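New to this one? Have a look at the sequence and the model first, then work through the notes below.

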Amino acid sequence: MEIAYLDTSALVKRYHREEHSDIIDKIFERFTIAISELSIVEFVSALRRKVDERVIGQKGMSYVLIKFQEDLANFIILKFDSNVISNAVEFVMKYRLKTLDSLQLSFAMKLKEYDPLFVSFDRKLLNSAKLEGFRVLDI
């Protein structure tokens with residue numbers, strides 16, 4: 001099975017129905033999912049914001065967090081290391097990416113030899129990933 005690397009903007013769409021959630025559902029059916037350790041924290045933060053903004057309730061957040069925790073066992077979870085940091089610094093300079101976006105691209109580089117599909121809903125990040133030779137989700 002092929003690998004798809006999802007940044008947090010894509011991951012959230014699996015657990016909260018919104019525009020493009022159907023695309024993410026199809027990716028989950030066809031690919032092994034890879035995420036970064038960073039995405040775990042960003043995901044919880046995004047859910048917390050949705051509660052604070054009254055987009056979802058506390059019970060909804062609890063349900064989603066349980067489901068997410070269960071799903072983590074099936075994901076490839078990429079860990080922080082010194083290469084992630086040095087590559088991220090390079091991507092900030094090279095593509096003028098924001099900190100978290102540069103880290104996401106840097107984590108994906110760990111999978112480069114497997115030719116993963118890079119999935120994000122951030123146009124600048126997708127363009128940068130494409131310049132680094134990734135196949136990207138065209139949105």
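**Helix H7 and its surroundings**

Let's start at one end of a helix: Asp122 caps the N-terminal end of H7, with a side-chain oxygen lying 3.1 Å from the backbone nitrogen of Lys124. Keep in mind that this is a predicted model. From H7 we'll move on to the largest pocket, then to helix H1 and a few individual residues.

- H7 covers residues 123-131, and its buried residues are Leu125, Leu126, Ser128 and Ala129.
- Looking down the axis of H7, you'd see those buried residues fall within an arc of 160°, so they line one face of the helix.
- Some background helps here: an α-helix has 3.6 residues a turn, so residues three or four places apart point the same way.
- What lies over the buried residues of H7? The cover includes two helices, H5 (82-95) and H6 (99-109), along with strands S4 (117-119) and S5 (135-136).
- Just past the end of H7 comes Gly133, which takes a positive phi of about 95°.

**The largest pocket**

- The largest pocket holds about 360 Å³ of space.
- It is lined by 16 residues, and the ones closest to its centre are Thr8, Ser9, Glu42, Ala46 and Arg49.
- Helices H1 (8-15), H3 (37-52) and H6 are the elements that each give two or more residues to this lining.
- Which helix gives the most to the lining? That's H3, with five residues.
- Sorted by class, the lining of the largest pocket has eight charged residues, four polar ones and four nonpolar ones.

**Helix H1 and the loop after it**

- H1 is largely enclosed by the rest of the structure, because six of its eight residues are buried.
- The buried residues of H1 are Thr8, Ala10, Leu11, Val12, Lys13 and Tyr15.
- One of them, Tyr15, has a partner in another helix: its side chain makes a polar contact of 2.6 Å with the side chain of Asp71.
- Asp71 sits in helix H4, which spans residues 58-72.
- Is Asp71 buried or exposed? Its relative accessible area is 10%, so Asp71 is buried.
- In the loop between H1 and helix H2 (21-30), you'll find His16.
- His16 counts as buried too, because its relative accessible area is 17% and the cut-off for buried is under 20%.
- The side chain of His16 makes a polar contact of 2.9 Å with the side chain of Glu18.
- If you skip neighbours within four places in sequence, His16 is in contact with Ser21, Lys50, Val55 and Ile56.

**Ser39 in helix H3**

- Back in helix H3, Ser39 is a good residue to click on.
- Ser39 has a relative accessibility of 0%, so it counts as buried.
- What does Ser39 touch, once neighbours within four places in sequence are left out? Its contacts are Leu6, Asp7, Thr8, Leu11 and Gln104.
- With Gln104, Ser39 also has a polar contact, side chain to side chain, at 3.0 Å.
- Arg96 is 57 residues away from Ser39 along the chain, and their C-alpha atoms are separated by 20 Å.

Definitions and conventions
Residues numbered from 1 in each chain as written. Predicted model: local features only at pLDDT ≥ 70, side-chain atom pairs only at ≥ 80, totals over all residues. Heavy atoms only, no water. Buried < 20%, exposed > 50% of the residue type's maximum accessible area, 1.4 Å probe, protein only. Helix = DSSP H or I, 4+ residues; strand = E, 2+ residues; numbered from the N terminus. Arc of directions from axis to C-beta. Contact = heavy atoms within 4.5 Å. Polar contact = N/O pair within 3.5 Å; in protein donor to acceptor, adjacent residues only side chain to side chain. 1 Å grid on protein atoms, 1.4 Å probe; cavity = no way out; pocket = protein on both sides within 12 Å on 5 of 7 lines; lining within 4 Å. Points joined across faces, edges and corners; volume = space filled by probe spheres on them. Nonpolar A, V, L, I, M, F, W, Y, C, P; charged D, E, K, R; others polar.
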